[in-house]
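Reader: I am in my first year and would like to learn how to read a structure such as this one. Could we go through it slowly, one question at a time?

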Amino acid sequence: MIWRRSRHCCWWPGFVLGTLLLGSPPATLAQQDSCRGLALTEAAEEVGLVFVHARGETGSFYNPETMGSGVAWFDYDGDGWLDCYLVQSGPFPPTPEGSDAATDQIFRNTGDGRFENVTERTGAGDRGYGQGVLTADINGDHMPDIYLSNWGPDRLWLNRGDGTFEERAAESGLDDEGAAGWSSAAALGDADRDGDLDLYLVVYVEHDPEKEPFCLHPSTGERWYCGPSPFEPKMDIFYRNQGGAVFKNETLEAGFESANGKGLGVLFVDLNDDQWPDIYVSNDMTFNFLFVNQGDGTFENLSLMAGVAVSRDGMPEAGMGVAVGDVDGDGDADMAVANFDVQTNTLYINQGDFFFEDNSAASGFGAASFNYVGFGLIMADFNRDGAMDFFNGTGHTVEISPRANVHYEEPDVLLLGDGKGKFSEPDCPLPNQRPSVSRGVAYADYDNDGDPDIGIQRSGRPFSLLRNDTQAGTWLGLRLWSDSANSEGVGAVVTLRTSKGTQKRWVVAGSSYQSSPDIRVLFGIEDETEVQEVEIRWQSGKVQQIRRPALESYLTVREPQ
């Protein structure tokens, strides 16, 4: 199954002092050069992704009202085009039966660059107070499912394969007390390499609306939203898959007795190249966690020893979105975390043997985020030059600024990489970049043209889609297919070898902030670069090579029997 790229005309709306000027002419070559080949266009309304997030503010300053929600890209109907799941929050506190105003929305990609709202048709419009969304094939039937982390009971919507979903959290063992609290992010990985996917659920804090703490704004002295400090942390949950999407809570048995943070982001990924996936959790003003797989599906907490628990100054930060990839071209997995303003975002460079160095300052990664509160964070090659880039959705948690140079609505941050671990902002504006309040961010090549587009959930505001119309370079996409219960190849490592070096991608399920990016693998390739080989190392340990693959297409690669 191969999908060919399509081209779109570049269009850059004019942008002066943060004001969008409609009717501007197409981008000139000089403008494209200043953007280093990148061309982004705001396209949500144009393509039919019309959605407004409701945070349910009541004037009682409930903390969940500040957190926003996630976005997921997945091909739920198997037609080769990515569909979109947008999490709604709604009135707070939620009622047990939910409400229409809290209904999540599913948009089907019609294959022509447009979407239709199919929420009612699919039956998976959850009505709880939504936080995060994880989409992947959880029960091994080659159809992606939906796990929703809510304030209140979480939900598991299993794909029936006919375009509809069935809620099965209780039957799957995912309805214990922890998952009925305030969970935030979730990720999947085959922790014990038995062929099916296990679930790590990040739980934020203990929260009772009837006992909401009373906090004062530092400037006005009036009541305002509290930060994380007054709330007690709550234990994360590790669910081991017993087969067929039946799970068992084995948090303590698997070694997670110290997983008692205030988590908002999680990665389930092999960080030391031993083919056993590890788990990294970003926590809000408590130590981040790095749980290292011991090679038998149990884990050891090596957070402090690995250098990823705190900043280079030895202080815990307000960790939110997380991303993983090789930013310096040395072939190992580096990690990035979005943090609160003043702290800056953090870039952890993998030095091997489970030791990471905070290189936020020297790399140019941290400075751009100094005055912003970072939430969704994604890493991808946006301008097809073979180097990893970053996009960070930002926005404060309080409407009245605590400092003169900090605002509730903030501009998102785009950083382009040089492939050697250095980053800089392009000399051009992002489209539709009125400051906003961004939360969940996820990338996806929704139009199958070979470059990552960006979906942004904005708290209390319309959803944003930045369509990527990059004209530079070429590309290669891969969709992994396995006959095992891990049908989408989660945990696989894919290496592209070219005349200019190598690129590496890790197939993960769940990342950023409470979101699920495109699970397919996408490589950007500079002009005049000769592609020699693609190597896939599956989670099972099997390795296969594709010599001189066809470019500008998505190739479906099946795991060898």
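**Strands, cores and rings**

Author: We can begin with one pair of strands, keeping in mind that the model is predicted. Five bridges join β26 to strand β27 (residues 389-394), and the two strands run antiparallel.

Reader: Which residue of β27 stands opposite I378?

Author: β26 and β27 are joined by five bridges in the antiparallel sense, and this pairing sets residues of the two strands across from each other. The residue of β27 that stands opposite I378 is F391.

Reader: Which strands stand at the edges of the sheet that holds β26 and β27, and why is one side of each left without a neighbour?

Author: The sheet is open and has four strands in the order β26-β27-β28-β29, with antiparallel pairing. An edge strand here has a single partner strand, so one side of it is left without a neighbour in the sheet. The strands in this position are β26 (374-380) and β29 (423-424).

Reader: By what angle are neighbouring strands turned against each other in the sheet of β22, β23, β24 and β25?

Author: This is an open sheet of four strands in the order β22-β23-β24-β25, paired antiparallel. Its edge strands are β22 (322-325) and β25, each of which pairs on one side only. With direction ignored, neighbouring strands of this sheet are turned against each other, on average, by 20°.

Reader: What is the bridge partner of M335 in β24?

Author: Strand β23 (residues 334-337) and β24 run antiparallel and are joined by three bridges. In β24, the bridge partner of M335 is Y348.

Reader: How many of the six residues of β31 are buried?

Author: In a regular strand the side chains alternate between the two faces of the sheet, so it helps to look at each face in turn. On one side of β31 the residues D453, G455 and Q457 are buried, and on the other side I454, I456 and R458 are buried as well. The number of buried residues in strand β31 (residues 453-458) is therefore six of six, by the cut-off of under 20% relative accessible area.

Reader: Which residue takes a positive phi in the hairpin of β31 and β32?

Author: β31 pairs with strand β32 (residues 464-468) in the antiparallel sense over three bridges, and G455 stands opposite L465 in β32. The hairpin has five residues between the strands, and the residue that takes a positive phi, near 70°, is G460.

Reader: Is D353 buried or exposed?

Author: D353 is placed in the loop between β24 (346-350) and β25 (356-358), and it has a positive phi of about 55° although it is not a glycine. Its relative accessible area is 78%, and because the cut-off for exposed is over 50%, D353 is exposed.

Reader: Is A245 buried or exposed?

Author: A245 lies in the loop between β16 (237-241) and β17 (247-249), and its phi, near 65°, is a positive value in a residue other than glycine. The relative accessible area of A245 is 1%, and because the cut-off for buried is under 20%, A245 is buried.

Reader: What is the relative accessible area of F74?

Author: F74 lies in strand β4 (residues 71-74). Leaving aside its neighbours within four places in sequence, F74 is in contact with L82, D83, C84, Y85, T135, P144, I146 and F165. F74 is buried, and its relative accessible area is 3%.

Reader: How many residues does the largest nonpolar core have?

Author: Y147, L199, L478, L480, V494 and I536 are the residues with the most contacts inside this core. Among the residues that I536 touches, not counting those up to four places away in sequence, are L480, V494 and V557. The size of the largest nonpolar core is 39 residues.

Reader: How many residues apart are F61 and W224 along the chain?

Author: A search of the whole structure finds 23 aromatic pairs. F61 and W224 form a tilted pair, 5.1 Å centre to centre, with 45° between the planes. The pair links distant parts of the chain, with F61 in the loop between α2 (44-47) and β4 and W224 in strand β15 (residues 223-224), and the number of residues apart is 163.

Technical notes
Residues numbered from 1 in each chain as written. Predicted model: local features only at pLDDT ≥ 70, side-chain atom pairs only at ≥ 80, totals over all residues. Heavy atoms only, no water. Buried < 20%, exposed > 50% of the residue type's maximum accessible area, 1.4 Å probe, protein only. Contact = heavy atoms within 4.5 Å. Pairing = 2+ DSSP bridges. Axes fitted to C-alpha atoms, helices over the stretch in contact; angles between N-to-C directions. Core = buried A, V, L, I, M, F, W, Y, C linked by side-chain atoms within 4.5 Å. Phe/Tyr/Trp six-rings, centres within 6.5 Å; stacked < 30°, edge-to-face > 60°.
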